[in-house]
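Visitor: Could you walk me through this one? I'm new to it, so please start with whatever I need in order to follow along.

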Amino acid sequence: QVRLVESGGGTVQTGGSLGLSCLASGHIESAYTMGWFRQAPGKEREFVAAISRTGLSIIYGNAVKGRFTISRDGAENTAYLHMNSLKPEDSAVYYCNAGTIVVDGAPGIYWGQGTQVTVSS
């Protein structure tokens, strides 16, 4: 079992930046790929970014390419999402995800509780 705990959400103005963290604990050797998804009210869950266990393979969702950066600290079992040039449409609950082996945007079986990101216009 892997436990994921997100932190760092909040409210920011349009064009601003915000960083999220996701700490993995438990059987972290099973965490494999870590990533982020988001879900806004009334919308389907959307893939944001994913990073392989080694950090060598990274992919982004089309909506965030060029603005968001995912990284990972293996020693601290933590994944990060740095978000720049935020837009109101980035407002959502952001969920940390882990458990897949292949970095392809598909979700793994482990989920965090989510953290709210609100971008004001």
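Guide: Let us begin with a term: strands here are DSSP runs of at least two residues marked E, numbered from the N terminus. With that in hand, Thr-118 can be placed in strand E11, which covers residues 115-120. Please keep in mind throughout that this is a predicted model.

Visitor: Okay, is Thr-118 buried, exposed or partly exposed?

Guide: Thr-118 counts as partly exposed, because its relative accessibility is 29%, and the range between buried and exposed runs from 20% to 50%.

Visitor: And which residues does Thr-118 touch, leaving aside its neighbours within four places in sequence?

Guide: Apart from those neighbours, Thr-118 is in contact with Gly-10, Thr-11, Val-12 and Ser-91. Tyr-80 makes a useful reference point as well, since the C-alpha atoms of Thr-118 and Tyr-80 are 18 Å apart in space, with their positions 38 residues apart in sequence.

Visitor: Which residues of E11 are on its covered face, and which on its uncovered one?

Guide: Thr-115, Val-117 and Val-119 make up the covered face of E11, while Gln-116, Thr-118 and Ser-120 make up the uncovered one. This fits a general rule, namely that side chains in a regular strand alternate between the two faces of the sheet.

Visitor: Which strands does E11 pair with?

Guide: Strand E2, residues 10-13, runs parallel to E11 and is joined to it by 4 bridges, and within that pair Val-12 stands opposite Val-119. E9 pairs with E11 in the antiparallel sense over 3 bridges, and there Tyr-94 stands opposite Thr-115.

Visitor: What else does E9 pair with?

Guide: E9 is also joined to E4 by 7 bridges, and these two strands run antiparallel; in this pairing Gln-39 stands opposite Val-93 of E9.

Visitor: Why is E4 described as largely enclosed?

Guide: Strand E4 spans residues 33-39, and 6 of its 7 residues are buried, so the rest of the structure largely encloses it. E4 also pairs with strand E5, residues 46-51, in the antiparallel sense over 5 bridges, with Trp-36 standing opposite Ala-49 in E5. The hairpin formed by E4 and E5 has 6 residues between the strands, and in it Gly-42 takes a positive phi near 80 degrees.

Visitor: Which residue other than glycine has a positive phi?

Guide: Ser-85 is one of interest here, with a phi near 50 degrees. Ser-85 is placed in the loop between E8 and E9, and it is partly exposed, because its relative accessible area is 41%.

Visitor: Changing topic: how many salt bridges are there in the whole structure?

Guide: A search of the whole structure finds 3 of them. In one, Arg-38 is bound to Glu-46, with the closest N and O atoms 2.8 Å apart. In another, the side chains of Arg-38 and Asp-90 meet at 2.9 Å, N to O, and this pair links distant parts of the chain, 52 residues apart, as Asp-90 is in the loop between E8 and E9 and Arg-38 is in strand E4. A further one joins Arg-67 to Asp-90, where the closest N and O atoms are 2.7 Å apart; because Arg-67 lies in the loop between strand E6 (58-60) and E7 while Asp-90 lies in the loop between E8 and E9, the pair ties together parts that are 23 residues apart in sequence.

Visitor: So which residues do the shared partners join into one network?

Guide: The network consists of Arg-38, Glu-46, Arg-67 and Asp-90. Asp-90 is buried, with 0% relative accessibility, Arg-38 is buried at 5% and Arg-67 is buried at 10%, whereas Glu-46 is partly exposed at 30%.

Visitor: Where's a nonpolar patch on the surface?

Guide: Tyr-32, Ile-101 and Val-102 form such a patch, and together they have about 300 Å² of accessible area. Ile-101 is found in the loop between strand E9 (92-100) and strand E10 (110-111), and it counts as exposed because its relative accessibility is 64%.

Visitor: Last one: what order do the strands take in the open sheet of 4?

Guide: The order is E1-E3-E8-E7, and the pairing is antiparallel. The edge strands, each pairing on one side only, are E1 (2-7) and E7 (68-73). E7 and strand E8, residues 78-83, are joined by 6 bridges, with His-82 in E8 as the bridge partner of Thr-69.

Technical notes. Residues numbered from 1 in each chain as written. Predicted model: local features only at pLDDT ≥ 70, side-chain atom pairs only at ≥ 80, totals over all residues. Heavy atoms only, no water. Pairing = 2+ DSSP bridges. Patch = residues over 30% accessible without salt bridge, like charges linked within 9 Å, V, L, I, M, F, W, Y side chains within 5 Å. Areas by Shrake-Rupley, 256 points an atom, 1.4 Å probe, with all protein chains shown as cover. Salt bridge = Lys/Arg side-chain N within 4 Å of Asp/Glu carboxyl O. Buried < 20%, exposed > 50% of the residue type's maximum accessible area, 1.4 Å probe, protein only. Contact = heavy atoms within 4.5 Å.
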